[in-house]
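Here are some notes for a colleague who is opening this structure for the first time. They are set out as numbered points, to be read with the sequence and the structure at hand.

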Amino acid sequence: MGLDTFGDVTADASGHLLPHAQVIRDVIEEAVLADSLGIDFIGLGEHHRADFAISAPETVLAAIAGQTKRIRLGTAVTVLSSDDPIRVFQRFATLDAASNGRAEVILGRGSFTESFPLFGFPLDQYERLFQEKLDLFVEVLKQEPVNWEGSIRPPLVNQSIFPPIEHGRLKAWIGVGGTPESVVRAAYYQLPLMLAIIGGDPQRFAPYVDLYRRTHEQRKTPMQPVGIHSPGYVAATDEQARAEFWLPYKGMRDRIGKERGWPPMEKAEFEREIEHGSLYLGSPDTVARKIAATVKALGASRFDLKYSAGTLSHGKLMTCIELYGREVIPRVRELLA
């Protein structure tokens, strides 16, 4: 049971947006609270745009590592297509050392494309960049001298990568938004599958879990864990959660939707997502029951709640984390026992 955030730029009590630097400090404080509550994981998303403060998750995670003891530290996601696979491994191997073995990485193509022009990668090579970089990253994960050849960089011949992971192997997941090709790819590389279910009935992802399982069976490889990443928010009552979350969530959704040609979000859609979709919002008992039902339906072994939403204040996010750790997680485990 974990938490994810993109470092959404929040507002102060007067409604003014906070500086990115303050948002980053607030995220560190949120992670420290999560650690004190026994929450298993904190994931930070990588973005390169004005409404999200975190563009270098590993650096923020390193700061969190220095103030925490047990919480696992990872991303949600690392945009591998516009990064260097060797440097990604080195940064996470360094984080793993600094945190005494608590680092993990969720690799994905990301749902935004700002990093491509920023780092000089052509969007028309979107698929090829991810495929080849993932292939190289998996070779580096083996922690043996790397021999690799592709079209995106010069070949590597018997090249060692440092620092190595001290114990075992770096935990790496593939983040998938819902394409069969991505599911099969995760199974092919024998990497755990993290499903980003951000809208609609979560049970519609059951065929992807089945495809993932069948691909492992066909390849005679052991089934890997399946995780779920979905948005949500916890408050004392269902009514309070809806009242506090609606406007910040709509603001974020409409801002992104305008870029992508979506219509503004109506209240009815918001209500549908709470009742029948992938928005885990309400009192601790309401949220726990919905998480438990989804985990059972999809056979997942992990659930990460994306708890931040637009300008929703740091104070409210801290309360949400407190309720999630103290009340939601024990209730979910009770329901699943």
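1. Val 226 is a useful place to begin; in this predicted model, Val 226 belongs to strand S10, which covers residues 226-234. Its relative accessibility is 3%, and because buried means under 20% relative accessible area, Val 226 counts as buried. Leaving aside the neighbours within four places in sequence, the residues in contact with Val 226 are Trp 173, Leu 193, Leu 195, Val 209, Tyr 212, Ala 300, Ser 301 and Arg 302. One of these partners, Val 209, is 17 residues away along the chain, and the C-alpha atoms of Val 209 and Val 226 are separated by 7.6 Å.

2. His 47 may be looked at next, and a reader may ask: is His 47 buried or exposed? With a relative accessibility of 7%, His 47 counts as buried, although its place is in a loop, the one between strand S2 (41-44) and helix H2. Once neighbours within four places in sequence are set aside, His 47 is in contact with Phe 6, Phe 52, Ile 54, Ser 55 and Phe 112.

3. The helix H2 that follows this loop spans residues 57-65, and it can be viewed together with helix H1, which spans residues 20-36. The axes of H1 and H2 come within 9 Å and cross at roughly 45 degrees; the two helices are therefore oblique to each other, and H1 passes H2 in a right-handed crossing. On the H1 side the contact is made by Ile 24, Val 27, Ile 28 and Ala 31, and on the H2 side by Val 60, Ala 63 and Ile 64. Sorted by class, this contact has 7 nonpolar residues, with no polar and no charged residues.

4. A second helix pair deserves the same reading: helix H10 (residues 284-298) packs with helix H11 (residues 314-336) at an angle of about 45 degrees, and their axes are 8 Å apart. That angle makes H10 oblique to H11, and the crossing of H10 and H11 is right-handed. H10 contributes Pro 284, Asp 285, Val 287, Ala 288, Arg 289, Ile 291, Ala 292, Val 295 and Lys 296 to the contact, while H11 contributes Leu 323, Tyr 324, Glu 327, Val 328, Arg 331, Val 332, Leu 335 and Leu 336. By class, the contact of H10 with H11 has 12 nonpolar and 5 charged residues, and no polar ones.

5. Two peptide bonds should be checked with some care. Which form does the model give to the bond from Phe 162 to Pro 163? That bond is cis, with omega near 0 degrees, and Pro 163 is found in the loop between strand S7 (156-159) and strand S8 (171-176). Pro 163 is partly exposed, with a relative accessible area of 30%, and, apart from neighbours within four places in sequence, Pro 163 is in contact with Phe 89, Gln 90, Ala 93 and Thr 94. Pro 163 and Phe 89 are 74 residues apart in sequence, yet their C-alpha atoms are 8.9 Å apart in space. The peptide bond from Ala 76 to Val 77 is also cis, with omega near 10 degrees, and Val 77 lies in the loop between strand S3 (72-75) and strand S4 (78-79).

6. Backbone angles give a further point to inspect. Asn 158, whose place is in strand S7, has a phi near 50 degrees, a positive value in a residue other than glycine; Asn 158 is exposed, with a relative accessible area of 54%. Gln 190 likewise has a positive phi, near 55 degrees, and is a residue other than glycine. Gln 190 lies in the loop between helix H6 (180-188) and strand S9 (193-196), where it is partly exposed, with a relative accessible area of 34%.

7. Finally, there is an annotation to set beside the model. The UniProt record, an unreviewed entry, places the feature "domain: Luciferase-like" at residues 18-300. Over residues 18-300 the chain is 47% helix and 16% strand, and the end C-alpha atoms are 36 Å apart.

Terms used. Residues are numbered from 1 along each chain as its sequence is written. This is a predicted model: local features need pLDDT of at least 70, side-chain atom pairs count only at pLDDT 80 or more; totals for chains, interfaces and linings use all residues. Side-chain values use heavy atoms; hydrogens and water are left out. Axes are lines fitted to C-alpha atoms, for helices over the stretch in contact, and angles run from 0 to 180 degrees between N-to-C directions. Helices (H or I, at least four residues) and strands (E, at least two) are DSSP runs, numbered from the N terminus. Angles under 35 degrees count as roughly parallel, over 145 as roughly antiparallel, 65 to 115 as roughly perpendicular and the rest as oblique. A crossing is left-handed if the near helix is turned anticlockwise from the far one by less than a right angle, and right-handed if clockwise. Contact means heavy atoms within 4.5 Å. Ala, Val, Leu, Ile, Met, Phe, Trp, Tyr, Cys and Pro count as nonpolar, Asp, Glu, Lys and Arg as charged, and the others, Gly among them, as polar. UniProt positions are given in the numbering used here, feature names are shortened, and annotations may be inferred rather than shown by experiment. Buried means under 20% relative accessible area, exposed over 50%, partly exposed in between (1.4 Å probe, protein chains only).
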